[in-house]
Amino acid sequence: MDAKINLIVNGRQRTVTTDPERPLLDVLREDLQLTGAKYGCGEGQCGACSVLLDGKRVFSCRTPASRAEGKKVLTIEGLAKGENGESLHPVQEAFLAEGAFQCGYCTAGMIMAAVGLLDEKPNPTDPDIVAGMNKNLCRCCSYPRIAAAVRRAAGQGSQNTQHAATDAQGTPEAQDAKGGR
Ligand code: FES
Ligand code: FES
């Protein structure tokens with residue numbers, strides 16, 4: 001039976017009427033038109049659907065909507081600030097600067113995982129980065145650039161000097177870093 005679920009999505013109070021067992025990912029994508037989080041495996045194995053629930057990274061494909069009742073959900077669409085989202089979050093900036101994507105399908109989930117990791121550990125070691133990001137899969141194997149982006153967002157500089165920010169800024173894949181595709 002459907003129920004009313006109240007949640008705060010990207011700072012905005014929302015109410016949805018839905019099956020409480022329905023995945024949060026479906027509610028975000030289909031009911032709230034927030035399509036940044038992606039469906040990859042539906043089994044909690046790839047991280048493409050990652051969002052933050054009260055600040056903790058969850059796989060929204062495996063999170064029943066009822067678990068979000070009264071909680072704060074942060075999706076990639078909620079990261080950028082400014083009237084038109086023109087001021088990107090430092091992690092988004094770092095992914096663009098490092099060109100940390102190819103097809104971009106994993107990017108929103110990677111960025112949300114990185115935001116969750118850096119909230120918890122603002123100055124992560126390389127093992128912290130591996131531990132924090134290893135539940136997110138990238139089929140394009142952009143892992144070195146993704147790790148470089150996390151280091152850059154943490155203020156540790158870049159260890160990936162082959163790629164300039166200007167290479168990535170205008171690509172369609174860069175839109176995934178902003179939740180725009
Ligand atoms: S779609 Fe959720 S973990 Fe793969
Ligand atoms: S950039 Fe293609 S799956 Fe990661």
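## Helix packing around α2 in a predicted model

The axes of helix α2 (residues 90–98) and α3 come within 10 Å and cross at roughly 130°. This makes α2 oblique to α3 (angles under 35 degrees count as roughly parallel, over 145 as roughly antiparallel, 65 to 115 as roughly perpendicular and the rest as oblique). Axes are lines fitted to C-alpha atoms, for helices over the stretch in contact, and angles run from 0 to 180 degrees between N-to-C directions.

This is a predicted model: local features need pLDDT of at least 70, side-chain atom pairs count only at pLDDT 80 or more, and totals for chains, interfaces and linings use all residues. Residues are numbered from 1 along each chain as its sequence is written, while chains are lettered from A and ligands numbered from 1 in the order in which they are written.

**Overall make-up**

- The protein chain has six helices and five strands. Helices (H or I, at least four residues) and strands (E, at least two) are DSSP runs, numbered from the N terminus.
- Read from the N terminus, the order of elements is β-β-α-β-β-β-α-α-α-α-α.
- Of the 181 residues in the protein chain, 45% are buried. A residue is buried if 20 or more other C-beta atoms lie within 10 Å of its own, exposed if 12 or fewer, and partly exposed in between; C-beta atoms are placed from the backbone.
- Among contacts with a separation of 6 or more in the protein chain, 61% join residues 24 or more positions apart. Two residues are in contact if their C-beta atoms, placed from the backbone, lie within 7 Å.

**Nonpolar core**

- The largest nonpolar core has 53 residues. Such a core is a set of buried Ala, Val, Leu, Ile, Met, Phe, Trp, Tyr and Cys residues joined through C-beta atoms within 7 Å.
- Phe95, Ile111, Ala114 and Val150 have the most contacts inside this core.
- Helix α3 (residues 107–120) gives the largest share of this core, with nine residues.
- At least three core residues come from each of domain 1 (3–78) and domain 2 (90–178). These domain bounds come from an automatic or database domain assignment.
- Not counting residues up to four places away in sequence, Phe95 touches Ala100, Phe101, Thr107, Ile111, Ala149 and Ala177.

**α2 against α3**

- The crossing of α2 and α3 is right-handed. A crossing is left-handed if the near helix is turned anticlockwise from the far one by less than a right angle, and right-handed if clockwise.
- On the α2 side, the contacts use Val91, Gln92 and Phe95. On the α3 side they use Thr107, Ile111, Ala114, Val115 and Leu118.

**α2 against α5**

- Helix α5 (residues 143–153) packs with α2 at an angle of about 135°, and their axes are 8 Å apart. That makes α2 oblique to α5.
- α2 passes α5 in a right-handed crossing.
- From α2, Pro90, Val91, Ala94, Phe95, Ala97 and Glu98 take part. They meet Arg145, Ala148, Ala149, Arg152 and Ala153 in α5.

**Burial of α5**

- α5 is mostly covered, with eight of its eleven residues buried.
- Those buried residues are Arg145, Ile146, Ala147, Ala148, Ala149, Val150, Arg152 and Ala153.
- The buried residues of α5 pack against α2, α3 and α4 (126–133).
- Gly155, just after α5, takes a positive phi of about 80°.

**Ala100 in the α2–α3 loop**

- Ala100 sits in the loop between α2 and α3. Ala100 counts as buried because 31 C-beta neighbours lie inside 10 Å.
- Its C-alpha atom is separated by 6.1 Å from that of Ser142, although the two are 42 residues apart along the chain.
- Leaving aside neighbours within four places in sequence, Ala100 is in contact with Phe95, Ser142, Arg145, Ile146, Ala148 and Ala149.

**Strand region and positive phi**

- Most residues other than glycine have a negative phi.
- Asn10 is not a glycine, yet has a positive phi of about 50°. Asn10 lies in the loop between β1 (3–9) and β2 (12–18), and counts as partly exposed with 18 C-beta neighbours inside 10 Å.
- Asp54, also not a glycine, has a positive phi of about 50°. Asp54 lies in the loop between β3 (50–53) and β4 (56–59). Asp54 is exposed, with 12 other C-beta atoms within 10 Å.
- Ala3 belongs to strand β1 and counts as partly exposed, with 13 C-beta neighbours inside 10 Å. Ala3 and Val16 are 13 residues apart in sequence and 8.1 Å apart in space, C-alpha to C-alpha.
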